[in-house]
Amino acid sequence: RQLLRDGRAANAIVWRLRKNGITWTVKDFSKRSWFVRTFIGPFLIRRELAALSRLKNINGIAGRAFRIDRSAMAVEFLEGDSLERIRWNISVSSKT
């Protein structure tokens, strides 16, 4: 298991792990404050799973995702650049 993001405040802790030959990204809100665990985390998980479900047949979008429990979800890990990195590269290249 590899920590990808510590997820401070209202953000999930994000792990990458391998289970049964599949690499997963796990987002976990269970170590956050009561308010985040009870309201924000479940809302964000539900929203992300719904979006992934609608986009699942698009190349480059993870096809497998599921809720682990109220505070956590797993998404099949896909190698590549994160949206944050892509956004950063675009903003840097547009300034030059």
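With which residue does E48 form a salt bridge, and how far apart are the closest N and O atoms? The partner is K27, and the closest N and O atoms of the two side chains are 2.9 Å apart. The model in which this pair appears is a predicted one. E48 belongs to helix α1 and K27 to strand β3, so that the salt bridge links distant parts of the chain, 21 residues apart. E48 has a relative accessible area of 25% and is therefore partly exposed. K27, at 23% relative accessibility, also counts as partly exposed.

Side chains of opposite charge can pair when their charged atoms come close. In this model the count comes to three salt bridges. Another of them joins the side chains of R64 and E76, at 3.2 Å from N to O. R64 sits in the loop between α1 and β4, while E76 is in strand β5, so this pair ties together parts that are twelve residues apart in sequence. With a relative accessible area of 40%, R64 is partly exposed. A further salt bridge is made by the side chains of R8 and D6, with an N to O distance of 3.9 Å. Here R8 counts as exposed because its relative accessibility is 64%, above the 50% limit. D6 has a relative accessible area of 41% and is partly exposed.

From the charged pairs the account turns to the nonpolar interior. In soluble globular proteins, nonpolar side chains tend to be buried together. The largest nonpolar core in this model has nine residues, namely A12, F29, V36, I45, L49, L52, A62, M73 and V75. Two elements, α1 (34-55) and β5 (72-76), give two or more residues to this core. Helix α1 provides the largest share, with four residues. The surroundings of one core member, V36, can be followed in detail. Apart from its neighbours within four places in sequence, V36 is in contact with A9, A10, F29, G41 and P42. Of these partners, F29 is itself listed in the nine-residue core. There is also a second, separate core of six residues, which includes W15, I22, V26 and A74.

The aromatic residues form the next topic. A pair of aromatic rings is described by the distance of the centres and the angle of the planes. A search of the whole structure finds three aromatic pairs. In one of them, the ring centres of W24 and F66 are 5.3 Å apart and the planes stand at 80°, so the pair is edge-to-face. This pair links distant parts of the chain, since W24 is in strand β3 (residues 22-28) and F66 in strand β4 (residues 65-69), with these positions 42 residues apart in sequence numbering. The accessibility of the two partners is not alike in class: W24 is buried, with a relative accessible area of 11%, whereas F66 is partly exposed, with a value of 39%.

Another ring pair involves W34 and F39. The ring centres of W34 and F39 lie 5.6 Å apart with the planes at 85°, so this pair is edge-to-face. W34 is found in helix α1. At 53% relative accessibility W34 counts as exposed, while F39, at 45%, counts as partly exposed. Ring pairs link W34 and F39, together with F35, into a cluster. W34, F35 and F39 also make a nonpolar surface patch of about 370 Å².

The backbone of two loop residues completes the picture. A9 has a positive phi of about 55° although it is not a glycine. This residue, A9, is found in the loop between β1 (2-5) and β2 (13-19). With a relative accessible area of 64%, A9 is exposed, and A9 is also among the residues in contact with V36. N20, likewise not a glycine, has a positive phi of about 55°. The position of N20 is in the loop between β2 and β3. At 73% relative accessibility, N20 counts as exposed.

Conventions: Residues numbered from 1 in each chain as written. Predicted model: local features only at pLDDT ≥ 70, side-chain atom pairs only at ≥ 80, totals over all residues. Heavy atoms only, no water. Core = buried A, V, L, I, M, F, W, Y, C linked by side-chain atoms within 4.5 Å. Buried < 20%, exposed > 50% of the residue type's maximum accessible area, 1.4 Å probe, protein only. Contact = heavy atoms within 4.5 Å. Patch = residues over 30% accessible without salt bridge, like charges linked within 9 Å, V, L, I, M, F, W, Y side chains within 5 Å. Areas by Shrake-Rupley, 256 points an atom, 1.4 Å probe, with all protein chains shown as cover. Salt bridge = Lys/Arg side-chain N within 4 Å of Asp/Glu carboxyl O. Phe/Tyr/Trp six-rings, centres within 6.5 Å; stacked < 30°, edge-to-face > 60°.
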